[in-house]
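User: I'd like to learn how to read a model like this one. Can you take me through it feature by feature?

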Amino acid sequence: MSEKEIVQERLQEKQRMINAGRQMTKLFILTSSLIFVTLLIVWFLQKLPDLIIPTVYEVGTWFILVSSALIVMSQIKIREDEIEKAFRFTAFGLFFGLMFAALQVIGWQELLNANLSFRNILFPFSLIHFIHVSVGLLMLVSVFRKIREYRVHSKSRQYAYNVFMFWHFLGGVWLLFIFLG
């Protein structure tokens with residue numbers, strides 16, 4: 001094999017890995033969507049009292065919106081190779097994501113205090129969503145570290161974009177459920 005063929009083969013292998021990562025992210029989002037759609041169907045079919053959304057969940061909605069907006073800014077800065085700015089935007093996005101997760105836990109306490117936890121689809125929904133958010137936060141931390149080590153940049157951004165896509169999906173699911181409630 002010539003050197004040119006080896007380089008070409010490595011580039012093709014790298015592209016296959018990028019495509020595989022993208023497909024895995026889409027598959028993970030699809031399977032997660034099935035879980036959340038199932039909960040929505042149960043909610044629509046149940047004969048229980050109306051959904052009572054704790055105030056803290058409404059506040060948390062703003063935190064997830066801000067987090068997603070900061071992550072979008074990080075994506076733009078990565079594309080422009082402004083890595084230090086991408087690092088800061090990701091850090092702030094991660095902070096607001098952590099605050100959102102904390103507010104979800106506080107919301108459980110509000111549901112438990114109101115004795116609505118077993119009559120309200122929001123409790124299992126927020127629990128499952130929290131598990132997904134925890135995974136998303138761990139993935140954001142890994143992107144944060146990779147950005148800090150300059151391993152994410154305009155030529156190497158697919159992993160970060162996959163994580164960001166998953167994060168935006170989680171924000172979208174939360175917004176959909178809260179606004180339907």
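Analyst: Let's begin with contacts: two residues are in contact if they have heavy atoms within 4.5 Å. Keep in mind that this is a predicted model. Take serine 68 as the first case: leaving out residues up to four places away in sequence, serine 68 touches Trp167 and His168.

User: Where is serine 68 found, and is serine 68 buried or exposed?

Analyst: Serine 68 is found in helix 2. Its relative accessibility is 13%, so serine 68 counts as buried, the cut-off for buried being under 20%.

User: Let's zoom out. How many helices and strands are there in the chain?

Analyst: The chain has five helices and zero strands, so if you read the elements from the N terminus you get α-α-α-α-α. Along the principal axes, the C-alpha atoms fill a box of roughly 70 × 30 × 20 Å.

User: What share of the residues counts as buried, and what does the accessible surface come to?

Analyst: Of the 181 residues, 39% count as buried. The accessible surface of the chain comes to about 10,500 Å², and carbon and sulfur atoms account for 68% of that.

User: How do I read contacts over the chain as a whole?

Analyst: Look at sequence separation. Among contacts between residues at least 6 apart in sequence, 82% join residues at least 24 apart. Tryptophan 43 gives you a pair to look at: tryptophan 43 and isoleucine 121 are 78 residues apart in sequence, yet their C-alpha atoms are 6.1 Å apart in space. Tryptophan 43 lies in helix 1, residues 3–45, and counts as buried at 12% relative accessibility.

User: Which residues does phenylalanine 130 contact?

Analyst: Setting aside neighbours within four places in sequence, phenylalanine 130 is in contact with Ala101, Gln104, Val105 and Trp108. Phenylalanine 130 has its place in helix 4. With a relative accessible area of 21%, phenylalanine 130 is partly exposed. You can also check a C-alpha distance here: phenylalanine 130 and alanine 102 are 28 residues apart along the chain and separated by 9.4 Å.

User: On to aromatic rings. How should I describe a pair?

Analyst: A pair of aromatic rings is described by two things, the distance of the centres and the angle of the planes. Here the count comes to eleven aromatic pairs. In one of them, the ring centres of phenylalanine 100 and tryptophan 174 are 5.2 Å apart and the planes are at 85°, so the pair is edge-to-face. That pair links distant parts of the chain, with phenylalanine 100 in helix 3 (residues 83–113) and tryptophan 174 in helix 5 (residues 158–180), 74 residues apart. Both phenylalanine 100 and tryptophan 174 are buried.

User: What does a stacked pair look like here?

Analyst: Try phenylalanine 125 and phenylalanine 177: 3.8 Å centre to centre, with 5° between the planes. Phenylalanine 125 lies in helix 4 (residues 122–148) and phenylalanine 177 in helix 5, so this pair ties together parts that are 52 residues apart in sequence. Phenylalanine 125 is buried, with a relative accessible area of 1%, and phenylalanine 177 is buried as well, at 2%.

User: Which residues do ring pairs link into a cluster?

Analyst: The cluster holds Phe36, Tyr57, Phe100, Phe125, Phe166, Phe169, Trp174 and Phe177. You've already met several of these rings.

User: What about charges and rings together?

Analyst: Here you ask whether a charged end sits over a ring. The charged end of lysine 146 sits over the ring of tyrosine 159, 4.4 Å from its centre. Arginine 148 lies over the face of phenylalanine 87, at 4.4 Å from the ring centre. For the charges of the whole chain, compare mean positions: those of the 18 positive and 12 negative charges are 1 Å apart.

User: Last one, backbone angles. Which value is near 60° for aspartate 81?

Analyst: That's phi, a positive value in a residue other than glycine. Aspartate 81 is found in the loop between helix 2 (55–79) and helix 3, and is partly exposed with a relative accessible area of 41%.

User: And where is tyrosine 150 found?

Analyst: Tyrosine 150 is in the loop between helix 4 and helix 5. Tyrosine 150 has a positive phi of about 60° although it is not a glycine. At 48% relative accessibility, tyrosine 150 counts as partly exposed.

Notes
Residues numbered from 1 in each chain as written. Predicted model: local features only at pLDDT ≥ 70, side-chain atom pairs only at ≥ 80, totals over all residues. Heavy atoms only, no water. Helix = DSSP H or I, 4+ residues; strand = E, 2+ residues; numbered from the N terminus. Buried < 20%, exposed > 50% of the residue type's maximum accessible area, 1.4 Å probe, protein only. Areas by Shrake-Rupley, 256 points an atom, 1.4 Å probe, with all protein chains shown as cover. Lys, Arg positive; Asp, Glu negative; His and termini not counted. Charge placed at Lys NZ, Arg CZ, Asp CG, Glu CD. Phe/Tyr/Trp six-rings, centres within 6.5 Å; stacked < 30°, edge-to-face > 60°. Lys NZ or Arg CZ within 6 Å of the ring centre and 35° of its normal.
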